[in-house]
Amino acid sequence: MDRKLYTCGIFIDLQKAFDTVDHSILLKKLDHYGIRGILNDWFTTHHTSRKQISEIGPLNISKKATVLSGAPQGSVLGPLLFLIYINDIFNSCNRMKFYLFADDTNLLYADKSLK
């Protein structure tokens, strides 16, 4: 705007963003960034063997189900894993600037033409 350009900003706050993390994609990205060997094995075991149950009162308990997606929430590691998962989103468009922080994504675009 200071340069007299038309400016557009898109501000995205993804709901339940951490729940959308595909484990197989995340594990491939961790390997790509050098998380290999024992540490990658730990992440693989942690993400592929997690189970969950739902409980509503003492009599309504679900069966155990394997957790197929998601990054841990409420920890230091969760936001970092999510950022690794989406860190290449900027490759989806070379016209916009991307600013990422955990599940908040901002896209900014400026141009001389309104078109």
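**Group meeting: a sheet, a patch and an unusual phi**

Let me begin with Lys4, which lies in the segment before strand 1. Please keep in mind throughout that what we are looking at is a predicted model. Lys4 is not a glycine, and yet its phi is positive, at about 60°. As general background, most residues other than glycine have a negative phi. As for its surroundings, Lys4 counts as exposed, because its relative accessibility is 75% and the cut-off for that class is over 50%.

From there the chain leads us to the sheet, which is open and has three strands in the order 1-7-6, with antiparallel pairing. Strand 1, residues 6-13, and strand 6, residues 97-101, stand at the edges with a single partner strand each, and therefore one side of each has no neighbour in the sheet. On average, and with direction ignored, neighbouring strands here are turned by 15° against each other. If we look at one pairing in detail, strand 1 meets strand 7, residues 104-111, in the antiparallel sense over eight bridges; Phe11, for instance, has Asn106 in strand 7 as its bridge partner.

My last topic is the surface, where Leu39, Trp42, Leu77 and Leu80 make a nonpolar patch of about 370 Å². Which elements give two or more residues to the nonpolar patch? They are helix 2, spanning 37-48, and helix 3, spanning 77-86. Taking one of these residues, Leu80 lies in helix 3, and with a relative accessible area of 48% Leu80 is classed as partly exposed, since that class runs between the 20% limit for buried and the 50% limit for exposed.

Terms used
Residues numbered from 1 in each chain as written. Predicted model: local features only at pLDDT ≥ 70, side-chain atom pairs only at ≥ 80, totals over all residues. Heavy atoms only, no water. Pairing = 2+ DSSP bridges. Helix = DSSP H or I, 4+ residues; strand = E, 2+ residues; numbered from the N terminus. Axes fitted to C-alpha atoms, helices over the stretch in contact; angles between N-to-C directions. Patch = residues over 30% accessible without salt bridge, like charges linked within 9 Å, V, L, I, M, F, W, Y side chains within 5 Å. Areas by Shrake-Rupley, 256 points an atom, 1.4 Å probe, with all protein chains shown as cover. Salt bridge = Lys/Arg side-chain N within 4 Å of Asp/Glu carboxyl O. Buried < 20%, exposed > 50% of the residue type's maximum accessible area, 1.4 Å probe, protein only.
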